[in-house]
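Thanks for coming. I will take a few minutes to go through one structure, from the whole chain down to a few residues.

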Amino acid sequence: MPDAETAGAAPDRPDDLMEKVVGLCKRRGFIFQSAEIYGGFRSTYDYGPLGVNLLRNVKNAWWRSMVQLRDDVVGIDAAILGPPAVWQASGHLANFTDPLVDCLSCHQRWREDKIDGVCPACGGTTFTEPRAFNLMFKTHAGPVEDEGAVAYLRPETAQGMFVNFANVLQTTRKKPPFGIAQVGKSFRNEITPQNFVFRTREFEQMEMEFFVPPDEGTRWFEYWLGERFRWYTDLGIPEAQLRLRHHDPDELSHYSAGTADVEFLFPWGWDELEGIANRTDFDLKAHAAASGERLEYFDQASGERYVPHVIEPAAGATRTMMAFLLAAYAEDEVGGEARTVLRLHPRLAPYQVAVLPLSKKDTLEPVAREVLGMLQPWLMCDYDVTQSIGRRYRRQDEVGTPWCVTVDFDTLEDRAVTVRDRDTTDQVRVPIADLVGHLQARFAASEGAEPAPGS
Ligand code: ATP
């Protein structure tokens, strides 16, 4: 339940929003419990036909904004398995721990910093002393399970950028300020995974390390706070459901010159979507010292040699997908009938268009398939012939499809189709010959772009 401070920020939310979104995710094939036929595997989830599209769209929207639309950021895709040396140098082996306590009444284990002194299971208030519990998953690479074969699943993608700093510098001829971005899986043996895909042991991250001259750290930190906040609002999360929370000095890691989180108003209150940190030269210096490699930049023009400072926007893809779903969920009425609608941004929606022949009659099928074939190269399309047209519109509204294209018997005469808008339910008649351009113009308009000429 939102508290008094947060209630005003999301006035139209149903009280049981979380249950409704989780139910919708399962019913419509966004997210399934992993290994469900064996009773499920705690805290792991599988992304179904709609979820995989939505998650991919979230990651693509991030990549587009962070890499494609910029000339100062390049991407990499680094290995998930890594040797202990990397995690020794990064500090994860020693410090990537959560304080673990056991409730003395019911013996359940909790993360001390998340329970406010009260056991969420039994209400007990006495606990063991906290122990540092390392969150990394340890495994063995190769057939021998001895110490020499130890490997870790990465708990964050960021170290891939630091250990490849020199490779990227040499191969791209970039110079600071420039960034290296990566999207991929990370693994943390969370003590209390919870809230659906908000905190899981296997999840996806979207991280970027932006390397800058040492005296430009503060300026770029401020810049990335603005850019990252805007990414969420541009993709449709209302500003009232987002905030930037600067860490107090006592929350900061010893090397951080500033950290702020982008927080979203989840049904249980404000919680983190992304951390943006000014990490100074900590990571490059640590890896340089441990590996013996030079991880610095030599500016030929000025003859200056320095270790760049790093600004890191670190976001969760799976967690962010959940925030987009929660923010998009709405219930309204159309023609006196209640409907559920996901008001997802067209860039994120699992399907951008659904092609719907009005009836199952064979006469409509060829032209409906022709329309589908025209749209598929440009937009992710669904094709649905089952049930009444009203039911099919409702089904598309419920999964967030922004536009439905209906092929009816008039289409056979006038070579035009009806385009229905998810949010307004307005319908317009569009000649098939203009359909791709029409939908592309509406897509561009949803990004705030000028309509394409002639559309
Ligand atoms: P928390 O305090 O919630 O454990 P964190 O501050 O340790 O998170 P970071 O290390 O900054 O998280 O990771 C960056 C982002 O990765 C987070 O903002 C979040 O979106 C995502 N993330 C981290 N841990 C998880 C997880 N267990 N499940 C899903 N997403 C996660």
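I will start with the overall picture, then turn to one sheet, its helices and a hairpin.

This is a predicted model, in which local features need pLDDT of at least 70 and side-chain atom pairs count only at pLDDT 80 or more, while totals for chains, interfaces and linings use all residues. Residues are numbered from 1 along each chain as its sequence is written.

The protein has 14 helices and 24 strands. Both are DSSP runs numbered from the N terminus: helices are H or I with at least four residues, strands are E with at least two. The radius of gyration is 25 Å, close to the 23 Å from the globule rule for 455 residues, so the protein is as compact as a globular protein of that length. That radius is taken over C-alpha atoms, and the rule is 2.2 Å times the number of residues to the power 0.38. The C-alpha trace spans about 75 × 65 × 50 Å along its principal axes.

Of the 455 residues, 33% are buried, meaning that 20 or more other C-beta atoms, placed from the backbone, lie within 10 Å of a residue's own. Among contacts with a separation of 6 or more, 63% join residues 24 or more positions apart; a contact here is two C-beta atoms, placed from the backbone, within 7 Å.

Now the sheet. It is open, with 5 strands in the order 21-20-22-23-24 and mixed pairing. Which strands stand at its edges? They are strand 21 (381-383) and strand 24 (427-431), each with a single partner strand, so one side of each has no neighbour in the sheet. Two strands pair if DSSP finds at least two bridges between them. Strand 22, residues 403-407, and strand 23, residues 416-421, are antiparallel over 4 bridges, and Cys404 stands opposite Arg420 in strand 23.

Two helices lie across this sheet. Helix 11, residues 365-375, crosses strands 20, 21, 22 and 23, at about 170 degrees to strand 20. Helix 14, residues 435-446, lies across strands 20, 22, 23 and 24, at about 160 degrees to strand 22. Angles run from 0 to 180 degrees between N-to-C directions, with axes fitted to C-alpha atoms, for helices over the stretch in contact. Just after helix 14, Gly448 has a positive phi of about 80 degrees.

Last, the hairpin. Strand 18 (residues 329-334) and strand 19 (residues 337-342) pair in the antiparallel sense over 6 bridges. There are 2 residues between them, and Gly335 in the turn has a positive phi of about 55 degrees. Glu333 has Ala338 as its bridge partner in strand 19.

Terms used
A residue is buried if 20 or more other C-beta atoms lie within 10 Å of its own, exposed if 12 or fewer, and partly exposed in between; C-beta atoms are placed from the backbone.
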